[in-house]
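Got a minute for a quick tour of this one? Pull up the viewer and keep the sequence handy.

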Amino acid sequence: MAKLKLLGISTSARGRESNSYHLLNRAFEKLADGEIEKEIIVASELKLLPCRHHYSINAKMCVHPCLITQTDKSDEMKKIYDGILSADMVIFSTPIYWGNHSQLMQLIIERLNSLENSNSVHKKVLVKNKVAGMMILGHEDGYQHVAGGLMNFLTELGMIFPPQAYAAWVGESNEDTKSDRKRIETDSTIFEQFDDLVNNVVNFSKKILICSDCGEKLDYEHLSKKKLYKK
Ligand SMILES: Cc1cc2nc3c(=O)[nH]c(=O)nc-3n(C[C@H](O)[C@H](O)[C@H](O)COP(=O)(O)O)c2cc1C
């Protein structure tokens with residue numbers, strides 16, 4: 001069977017110290033499957049320049065490679081573009097901040113507009129046959145809202161979801177954030193959800209991305225016809 005590549009993208013500004021990275025990394029480490037190649041990108045370790053919103057000047061200016069990637073060699077968003085384009089499965093991990101995903105997640109979403117725009121404006125499908133999952137971590141409230149926002153973007157990007165495409169945990173809605181790490185390290189029912197998400201993404205991908213009879217990889221693409229109104 002062909003190997004599948006699983007990419008995790010951790011978007012907490014706290015990097016490897018963060019609780020969301022801890023859960024992502026632990027679940028990736030637990031996955032012992034010789035058919036899966038694993039990689040985690042810690043977004044806070046990269047220099048990621050914010051989107052310059054060329055799309056808003058003229059949708060055709062939003063291209064892949066992104067104009068920032070083409071002109072500013074210090075920008076490291078290429079690692080995320082290449083990581084996603086070469087992966088079969090991508091798990092996005094984000095903390096919750098005031099009911100929303102992280103700033104880094106938002107920066108990445110806006111920069112990924114160039115991949116989405118390749119389909120919707122330039123009529124070239126770049127993101128296809130890839131399965132997505134989400135890991136969402138907070139201390140209080142808001143994970144369904146975050147999941148909804150991410151799913152909206154990721155389906156437009158061209159990703160496919162397994163059933164129950166996200167794992168989430170929020171704490172006790174008090175101000176005792178310092179107890180969260182101990183809790184997620186000792187309460188196995190929390191970790192099981194994140195571990196289960198990784199297994200769900202991998203098992204679903206094996207079923208739909210590779211033909212069990214011929215061993216060939218799925219090759220499905222959908223060119224978006226949305227918003228092509230004639231004036
Ligand atoms: C500015 C700020 C806003 C936050 N807002 C929320 C929130 O709306 N809902 C929630 O559940 N947790 C909220 N939290 C708590 C974090 O999501 C929580 O501490 C999380 O574990 C941080 O993830 P990390 O350790 O991966 O960085 C907030 C934290 C900060 C710093």
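Here is a short run through the sheet, one helix and the ligand site.

Keep in mind that this is a predicted model. At its heart for this briefing is an open sheet of five strands with parallel pairing, plus a helix, α9, of 22 residues. There's also a ligand, with 19 residues surrounding it.

**The sheet**

- Going across the sheet, the strand order is β2-β1-β3-β4-β5.
- The edges belong to β2 (36-42) and β5 (166-169); each has a single partner strand, so one side of each has no neighbour in the sheet.
- On average, neighbouring strands are turned by 15° against each other, ignoring direction.

**Strand pairs to look at**

- β1 and β2 run parallel and share seven bridges. If you want a spot to click on, Gly8 has Ile40 in β2 as its bridge partner.
- β1 itself (residues 4-10) is largely enclosed by the rest of the structure, because six of its seven residues are buried.
- Over at the β5 edge, four bridges join β5 to β4 (residues 131-137), again in parallel. Leu137 sits opposite Trp169 of β5.

**Helix α9**

- α9 covers residues 188-209 and reaches 31 Å from its first C-alpha to its last, close to the 32 Å expected at 1.5 Å a residue.
- Its buried residues are Phe194, Leu197, Val198, Val201, Val202, Ser205 and Leu209. They take up an arc of only 115° around the axis, so they end up on the same side of α9.
- Flip to the other side of α9 and you find Ser188, Thr189, Glu192, Asn203 and Lys207, which are exposed.

**Val202 up close**

- Val202 is part of helix α9.
- Why does Val202 count as buried? Because 23 other C-beta atoms lie within 10 Å, and 20 or more is enough for that label.
- Measure from the C-alpha of Val202 to that of Ala167 and you get 14 Å, with the two residues 35 apart along the chain.

**The ligand site**

- Which residues are closest to the ligand? They are Ser12, Ser18, Ser20, Pro95 and Gly138.
- By type, the shell around the ligand breaks down into six nonpolar, nine polar and four charged residues.

Definitions and conventions: Residues numbered from 1 in each chain as written. Predicted model: local features only at pLDDT ≥ 70, side-chain atom pairs only at ≥ 80, totals over all residues. Near = placed C-beta within 6 Å. Nonpolar A, V, L, I, M, F, W, Y, C, P; charged D, E, K, R; others polar. Pairing = 2+ DSSP bridges. Helix = DSSP H or I, 4+ residues; strand = E, 2+ residues; numbered from the N terminus. Axes fitted to C-alpha atoms, helices over the stretch in contact; angles between N-to-C directions. Expected span 1.5 Å × (residues − 1). Buried ≥ 20, exposed ≤ 12 C-beta atoms within 10 Å, placed from the backbone. Arc of directions from axis to C-beta.
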